[in-house]
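Thanks for making the time this morning. I would like to walk you through the ligand site and the pocket around it, so please bring the model up while I talk.

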Amino acid sequence: MDKLVSLAKRRGFVFQSSEIYGGLGSVWDYGPLGVELKKNVKDRWWRAMVHARDDIEGLDAAILMHPKVWEASGHVAGFTDPLVDCKHCKNRFRADDPRIKGTPGQPDAQCPVCGSKGTLTEPRLFNLMFKTFMGPVEDQAAVVYLRPETAQGIYVNYLNVLNSSRQRIPFGIAQIGKAFRNEITPGNFIFRTREFEQMEMQFFVKPGSDVEWFERWRAWRMEWHQALGLAPAKLRFHQHGPSELAHYAKDAFDIQYEFPFGWQEIEGVHNRTDFDLGRHQQYSGKKLEYFDQAANERYLPYIVETSAGADRVTLTLMVDAYREEQVEGETRVVLGFHPAIAPIKAGVFPLVKKDGMPELATEVYHALKRRVPVFYDDSGAIGRRYRRMDEAGTPFCVTIDGESVSGGTVTVRHRDSMNQDRVALDQLEAYLGDHLAG
Ligand code: GAP
């Protein structure tokens with residue numbers, strides 16, 4: 001992980017937020033390569049979930065919502081972690097922090113930071129939602145929350161989408177957006193952060209068909225992760241046991257990836273029953289039932305949710321892609337991204353800065369740039385330029401040499417095999433198009 005974090009900074013994938021001020025705890029910024037990588041993840045998700053299907057509509061709900069939403073959802077009362085404070089050093093810990101010796105609140109308990117005994121308080125519940133105030137008066141009546149999940153924006157809009165899109169149940173609503181959680185134990189780089197992006201889809205089904213739809217979505221979502229090129233042996237399902245199930249869930253599976261710090265969730269698939277719509281119906285006083293004309297019956301739909309973290313999937317791709325190889329006595333660092341998600345698709349290099357090569361290379365660069373993100377580099381030895389592109393995960397490098405100028409062909413070097421093909425200039429776009437598809 002340390003090597004990956006350092007590569008991410010060096011190459012412009014991810015920077016610490018407000019770094020010149022010492023950083024802000026577990027908040028990260030995406031640099032030029034990182035923003036492309038994450039955008040590719042989100043675009044691929046949107047294509048698979050919205051554009052490729054007839055039964056899912058897109059939505060972009062606001063981050064700020066009516067505070068009653070979070071009472072109805074159960075977040076005001078239940079989105080909490082038990083915490084203990086050290087009265088001596090003022091540090092705060094989760095009550096189940098394995099570093100704590102003894103029982104918090106008792107004289108034997110020892111603070112894991114300052115080592116004092118008997119200074120840890122009894123566990124107190126701490127809500128993970130960020131609060132702010134709407135309007136000029138900072139009092140309790142003006143409190144609003146930064147949403148801790150995007151899902152609720154979908155539930156409260158479900159009838160709007162249904163009535164404006166002419167969908168019928170079963171159908172889904174998909175959304176990508178920021179969520180915020182005042183996590184007490186954030187960490188592992190962009191794995192658990194306080195501000196992150198979710199890619200969530202809520203699928204509304206007739207009660208009784210929920211188990212069948214749940215199984216379908218579970219399988220489809222695993223296929224989606226596999227198609228990103230992730231090592232199949234590093235992906236698995238983990239079913240929630242009774243003690244892990246969220247208050248809204250009848251059944252839940254995590255899709256997990258084996259990170260250097262262990263197997264961890266990258267996406268959750270939940271059977272949320274009619275809990276959410278039932279609660280919003282109760283708290284808002286508005287009927288949220290669906291009328292099935294064909295069967296002439298009314299019911300509150302059940303919801304199957306698929307909820308993935310865009311940042312977590314991005315981290316997974318970087319971890320999965322990172323490798324070091326020994327090539328001619330040197331260490332070659334490669335991010336072996338699937339070409340479809342690589343931030344830069346091709347490097348374009350003149351072999352030397354003379355004999356018409358830079359001019360032709362610039363022409364090739366501009367022609368390719370109209371179609372895909374490409375990078376022009378004419379500085380340093382060609383081997384160094386290849387290595388820089390390997391570290392950025394760029395799948396192809398196009399080199400313009402003497403033969404390009406005289407014979408109209410270029411070399412295309414493949415990142416993973418390091419093999420080179422000679423390709424006619426007028427075939428280059430088609431050649432790259434074929435190899436980038438997927
Ligand atoms: N709407 C359901 C929900 O939010 P969740 O399991 O709490 O369920 C879903 O979160 C996904 O959101 C996780 O699988 C993870 O990918 C991402 N996620 C949750 N908390 C996160 C955090 N603090 N930092 C980054 N990603 C997070």
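Strand S13 gives the most to the lining of the largest pocket, with 6 residues, and I should say at once that what you have in front of you is a predicted model. Other elements that supply at least two residues of that lining include helix H4 (75-78), strand S4 (80-85), strand S12 (251-259) and helix H9 (310-321). The lining counts 46 residues, and those nearest the centre of the pocket are Phe79, Arg181, Glu183, Arg192 and Glu265. By class, the lining divides into 15 nonpolar, 14 polar and 17 charged residues, and the pocket has a volume of about 1,300 Å³.

Now to the ligand, which sits in this largest pocket. The elements giving two or more residues to the shell around the ligand are strand S10 (195-205), strand S13 (262-273) and strand S16 (302-309), and here too S13 gives the most, with 6 residues. The shell comprises 22 residues, the closest being Glu149, Thr193, Glu200, Glu265 and Glu305, and by class it holds 6 nonpolar, 6 polar and 10 charged residues.

Which atoms of Glu305 and Gly309 lie by the ligand? For Glu305, a polar side-chain atom lies 2.8 Å from a nitrogen atom of the ligand, whereas for Gly309 a backbone N or O atom lies 2.9 Å from an oxygen atom of the ligand. A polar backbone atom of Phe191 is 3.5 Å from a ligand nitrogen atom. On its own the ligand has 550 Å² of accessible area, and the protein covers 92% of that.

Terms used:
Residues numbered from 1 in each chain as written. Predicted model: local features only at pLDDT ≥ 70, side-chain atom pairs only at ≥ 80, totals over all residues. Heavy atoms only, no water. Near = heavy atom within 4 Å. Polar contact = N/O pair within 3.5 Å; in protein donor to acceptor, adjacent residues only side chain to side chain. Areas by Shrake-Rupley, 256 points an atom, 1.4 Å probe, with all protein chains shown as cover. 1 Å grid on protein atoms, 1.4 Å probe; cavity = no way out; pocket = protein on both sides within 12 Å on 5 of 7 lines; lining within 4 Å. Sits in = over half its atoms within 2 Å of the grid points. Helix = DSSP H or I, 4+ residues; strand = E, 2+ residues; numbered from the N terminus. Nonpolar A, V, L, I, M, F, W, Y, C, P; charged D, E, K, R; others polar. Points joined across faces, edges and corners; volume = space filled by probe spheres on them.
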